[in-house]
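Q: I would like a close look at a single part of this protein. Please take one residue, describe its surroundings, and explain the terms as you go.

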Amino acid sequence: MQTDIDPRSLIGRKAFDRNGAKIGTVDEVYLDDATGVPEWAAVRTGLFSRDAFVPLEPSTFVDGTLHVPYERSLIKDAPDFGVGRHLSPEQELQLYHHYGLDLSVPPERPAPSSGDRSFGRVAGQED
């Protein structure tokens, strides 16, 4: 995904799958704690539905909409972790496996301090 996009500008934008089918609306964007790079988006999949996490790489942001290169059914079947809190390393690993993303070069993470193993802060929130 373009790295010059402000992740807050994604919130409220429509998201579409690889076939152009609407998935829903971007609810939150999660940043990598080590790099500050937007890594995941939580997409609200329906009025009374849940948020599905989608990877922002290799997704694209085109004409004000997020295009995710996966089938809608795969996205809707993504693990449900709730929103508004950090993703644990285990949760992120589950998402990587779910989407079949390459883990051969894991992203660098700072060593956890005082037992805190969380990462992936929400865009626009202070630490």
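A: The answer below begins with one residue, F53, and then turns to the core and the strands around it.

This is a predicted model, in which local features need pLDDT of at least 70 and side-chain atom pairs count only at pLDDT 80 or more, while totals for chains, interfaces and linings use all residues. Residues are numbered from 1 along each chain as its sequence is written, and side-chain values use heavy atoms, with hydrogens and water left out.

F53 lies in strand β4, residues 51-55. Strands (E, at least two residues) and helices (H or I, at least four) are DSSP runs, numbered from the N terminus. F53 counts as buried because its relative accessibility is 0%. Buried means under 20% relative accessible area, exposed over 50%, and partly exposed in between, with a 1.4 Å probe and protein chains only.

Neighbours of F53 within four places in sequence are left aside here; beyond them, its contacts include Y30, W40, L87, L95 and Y99. A contact means heavy atoms within 4.5 Å. Y30 is 23 residues away from F53 along the chain, and their C-alpha atoms are separated by 9.4 Å.

F53 also belongs to the largest nonpolar core, which has 27 residues; F53 is among those with the most contacts inside it, as are V26, W40, V54, L66, I75 and Y99. Two or more residues of this core come from each of β2 (22-31), β3 (38-44), β4 and α2 (89-99). The most come from β2, which gives 5 residues. A nonpolar core is a set of buried Ala, Val, Leu, Ile, Met, Phe, Trp, Tyr and Cys residues joined through side-chain atoms within 4.5 Å.

β2 is itself mostly covered, with 7 of its 10 residues buried. Two strands pair if DSSP finds at least two bridges between them. β2 runs antiparallel to β1 (residues 14-16), joined by 3 bridges, and F16 stands opposite K22 in β2. The hairpin of β1 and β2 has 5 residues between the strands, and G20 takes a positive phi near 90 degrees there. β2 is also antiparallel to β3, with 6 bridges; L31 has P38 in β3 as its bridge partner. In the hairpin of β2 and β3, with 6 residues between the strands, G36 has a positive phi near 75 degrees.

Back at β4, P58 is in the loop between β4 and β5 (60-62). The peptide bond from E57 to P58 is cis, with omega near 25 degrees. Most peptide bonds are trans.
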